Amino acid sequence: MSVMMALGEFQFSVSTTQYQSLKTSMAWRWAKYDRHGRKPGKQFQGADSTTKTLSIAIYPQSARDLDVVGNLRALGDTGKPLRLIAGALKRLNGQASAAGLDLGLWVMEKLDIDESAFLDNGIALEIKGSITISEYGDDEVTG
């Protein structure tokens, strides 16, 4: 099975949960300080955390597909940074081996879910949503 991206143990792939789009946002921090008789000045503070928003769509075919949202929520509830691997992930002897790009540690900040097209028992036939993650940040100061 090819993996598009893995966030911790959660894997995005075409055959399971795939993301429809991937948005990356970068920002920079500027501290504002007041100056008498002039417009405020700004001082560069450095880069802010990069964020990624993955748009997902799930069309449940089995009970396992219905567990995806709960699994993602549980991942966010751990409150721990997760390793983000982009690209291929290979399985060797049942073990996942990263063959892709290690993007470091990331935290899950937000999970939005929109369910529609319900069966008479309340099960959604279409589950769309988005996951927002951001870089955890290095614990060591580099200089």
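**View 1. L54 of β6 meets its partner in β11.** In β11, the residue that bridges to L54 is I131. This pair belongs to a predicted model, as does everything in the views that follow. β6 and strand β11 (residues 124-135) run antiparallel and are joined by 8 bridges. On another side of the story, β6 (residues 51-58) also pairs with strand β3 (residues 18-25), again antiparallel, through 7 bridges. If you would like one pair to look for there, try T24, whose bridge partner in β6 is K52.

**View 2. Stepping back to the protein chain.** How many helices and strands does the secondary structure of the protein chain come to? There are 2 helices and 11 strands. Reading from the N terminus, you meet the elements in the order β-β-β-β-β-β-α-α-β-β-β-β-β. The chain has 143 residues, and 27% of them count as buried. About 9,800 Å² of the protein chain is exposed, with 48% of that supplied by carbon and sulfur atoms. Among contacts with a separation of 6 or more, 56% are between residues 24 or more positions apart.

**View 3. The hairpin of β4 and β5.** Here strand β4 (residues 28-35) pairs with β5 in the antiparallel sense, over 7 bridges. Look for K32, which stands opposite K42 in β5. The hairpin has 2 residues between the strands, and G37 takes a positive phi near 75 degrees.

**View 4. The largest nonpolar core.** In soluble globular proteins, nonpolar side chains tend to be buried together. In this model, the largest nonpolar core has 20 residues. Those with the most contacts inside this core are M5, L7, F12, I56, L72, I131 and I133. Two or more core residues come from each of β1 (5-7), β2 (10-12), β6, α2 (68-77), β7 (82-86), β10 and β11. Which element gives the largest share of this core? That is β11, with 4 residues. Now zoom in on L72: leaving aside neighbours within four places in sequence, L72 is in contact with F10, I56, M108, L111 and I131. You may recognise I131 from the first view, where I131 is the bridge partner of L54.

**View 5. The largest pocket.** Rolling a probe the size of a water molecule over the atoms shows where empty space is left. The largest pocket has a volume of about 340 Å³. It is lined by 15 residues, and the closest to its centre are T16, T17, R64, D65 and V68. The elements β2, β3, β6, α1 (63-66) and α2 each supply at least two residues of the lining.

**View 6. T50, just ahead of β6.** T50 is found in the loop between β5 (38-47) and β6. Is T50 buried or exposed? T50 counts as buried, because its relative accessibility is 16% and the cut-off for buried is under 20%. Apart from neighbours within four places in sequence, T50 is in contact with T24, S25, M26, W106, I133, S134 and E135. Two of these names have come up before: T24 is the partner of K52, and I133 is among the core residues with the most contacts.

**View 7. I123, in another loop.** I123 has its place in the loop between β10 (101-118) and β11. At 30% relative accessibility, I123 counts as partly exposed. Not counting residues up to four places away in sequence, I123 touches L66, A117 and F118. Along the sequence, I123 and L66 are 57 residues apart, while in space they are 8.6 Å apart, C-alpha to C-alpha.

Key. Residues are numbered from 1 along each chain as its sequence is written. This is a predicted model: local features need pLDDT of at least 70, side-chain atom pairs count only at pLDDT 80 or more; totals for chains, interfaces and linings use all residues. Side-chain values use heavy atoms; hydrogens and water are left out. Two strands pair if DSSP finds at least two bridges between them. Buried means under 20% relative accessible area, exposed over 50%, partly exposed in between (1.4 Å probe, protein chains only). Contact means heavy atoms within 4.5 Å. Accessible areas come from the Shrake-Rupley method with a 1.4 Å probe; for residues, only the protein chains shown count as cover. A nonpolar core is a set of buried Ala, Val, Leu, Ile, Met, Phe, Trp, Tyr and Cys residues joined through side-chain atoms within 4.5 Å. On a 1 Å grid over the protein atoms alone, a cavity is a set of points where a 1.4 Å probe fits but cannot get out, and a pocket is an open set with protein on both sides within 12 Å along at least five of seven lines; lining residues have an atom within 4 Å of a point. Grid points are joined across faces, edges and corners, and a volume is the space filled by probe spheres set on the points.
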